[in-house]
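Please walk through this fold with me, strand by strand and helix by helix. Keep the sequence and the model side by side.

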Amino acid sequence: MHTVTLIPGDGIGPEVTAAACEVIVAAGVSINWETVAAGTAAIEEFGTPLPQQVLDSVTKNKVALKGPVTTPVAGGFPSVNVSLRKKLDLYCNLRPVQSLPGVNTRYENIDLVIIRENTEGLYGGVEFPAGPDAVVATRIITRAASHRIAEFAFAYAAKRGRKKVTAVHKANILKKTDGLFLACCRDIAQAFPSIAYEEIIIDNLCLQLVQNPHQFDILVLPNLYGDIVSDLCSGFVGGLGLVPGANIGRECSIFEAVHGSAPDLAGKNQANPTALILSSVIMLEHLGEREAARRIRQAVETVLKEGTRLTPDLGGCATTTQYTAALCKALLKS
Ligand code: ATP
């Protein structure tokens, strides 16, 4: 029996985490969930969006499944997502973007991996006024963080038999910060001669991705570029409802979808839980539950391919609960 921290989050978080838990039970994996509140749910109860008990629980259990948490725009409390990643040193944000059967998009056979540096860049949130009409934000890139994310990217490529790592940058303008990021990627590339290495400027990457995403394999990016490119790439495979993710540190890992709290869908039983369910597939692999992980992924593929129980984001009219029930049924048959 595994003990795992469960952070339902807010917005559509409670609906998609409930779906993932149900599917994990149907796959026959016993998990003792330690449920903790973060985000707006926690503010009401604890007066803070990120109570200490969340950090304590993840530190103790080492593994968490997390729903999205809303981040207020232009004011309000700091991002819970960013705080968790920084406080727990979850330095790698791993986001595999893969085409799924039965999902109609303009792109086929997409198989990209986004590896985003998760702890620094512009996400320090260090901003200060520079006179009455100007504001400065600091962007920090360190050798240590750049080395370890590059090392993760190449080690991941080697372990999974992937062919190429592309480092993404804007070092023509941000010569020192992105320059350091690139220098670190080049250093690490030398230790992995069997994996091709290339570099691309972020704006050109966006063009190349839209025109021919198949030319890329693994992308390694500083924090902000990784955030933006993740949403762009999710469009290749059918949208944010489908792309999973993992925040990985040396000690702990938090598994969560790429998408945010989607307040427009909250409480409507319309959210697509696939992204969080596939995040839990990565979590189960991490926990050594490979067979259950394989069966859940297969159930997702079966139900998407059948196409009769799709959620509205994929052109269907099934509710979150109907789609989840279809997955559980497919699992019981497998
Ligand atoms: P954040 O900045 O917190 O990552 P965001 O601004 O990227 O959030 P999301 O909350 O991810 O925004 O949602 C963007 C849109 O994508 C939503 O309005 C919703 O229509 C769609 N969306 C996101 N997640 C899902 C989902 N699981 N199922 C269906 N649609 C979704």
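Strand β3 (residues 63-66) runs parallel to strand β12 (residues 253-255), and three bridges join them. Ala64 faces Ile254 of β12 across this pairing. Strands count as paired if DSSP finds at least two bridges between them. Strands and helices here are DSSP runs, numbered from the N terminus: E over at least two residues for strands, H or I over at least four for helices. In general, the strands of a sheet pair through backbone hydrogen bonds, in a parallel or an antiparallel sense.

This is a predicted model, in which local features need pLDDT of at least 70 and side-chain atom pairs pLDDT 80 or more, while totals for chains, interfaces and linings use all residues. Residues are numbered from 1 along each chain as its sequence is written, and side-chain values use heavy atoms, without hydrogens or water.

Now the whole sheet. It is open and has 10 strands, ordered β2-β1-β3-β12-β11-β4-β5-β10-β8-β9, with mixed pairing. Its edges are β2 (31-35) and β9 (196-201), each paired on one side only. From one strand to the next, the twist averages 25°. Helix α9 (residues 274-286) packs on this sheet. The helix touches β1 (2-7), β2, β3, β4 (92-98), β11 (246-248) and β12. Its direction makes about 175° with that of β3. Such angles run from 0 to 180 degrees between N-to-C directions, and axes are lines fitted to C-alpha atoms, for helices over the stretch in contact.

The loop between β12 and α9 holds Ala271. How buried or exposed is Ala271? Ala271 counts as buried because its relative accessibility is 0%. (Buried means under 20% relative accessible area, exposed over 50%, partly exposed in between, with a 1.4 Å probe and protein chains only.) Ala271 and Ile12 are 259 residues apart along the chain, yet their C-alpha atoms are separated by 6.6 Å. Beyond residues up to four places away in sequence, Ala271 touches Ile12, Val16, Leu265, Thr311 and Thr320. Contact means heavy atoms within 4.5 Å.

Turn to strand β5 (residues 111-117), home of Arg116. Arg116 counts as buried because its relative accessibility is 2%. Its contacts, leaving out residues up to four places away in sequence, include Cys92, Tyr123, Ile149 and Asp227.

Next come two helices. Helix α5 (residues 143-160) packs against helix α6 (residues 177-190) at about 45°, with 8 Å between their axes. That angle makes α5 oblique to α6. (Under 35 degrees is roughly parallel, over 145 roughly antiparallel, 65 to 115 roughly perpendicular, and the rest oblique.) Among the residues that meet there are Ile149 and Phe154 of α5, and Leu180 and Cys185 of α6.

Lys170 sits in the loop between β8 (164-169) and α6. Lys170 and Ile201 are 31 residues apart along the chain, with their C-alpha atoms separated by 5.2 Å. Setting aside neighbours within four places in sequence, Lys170 is in contact with Asp178, Ile201, Ile202, Asp203 and Tyr225.

Finally, the cysteines. How many disulfides does the whole structure have? A search finds zero. A disulfide is a pair of cysteine sulfur atoms within 2.5 Å. Why is Cys92 not bonded? The closest cysteine sulfur, in Cys185, is 12 Å from that of Cys92, so it is too far for a bond. Cys206 is in no disulfide either, and the nearest cysteine sulfur, in Cys233, is 8.5 Å away. Cys92 is buried, at 0% relative accessible area, while Cys206 counts as partly exposed, at 24% relative accessibility.
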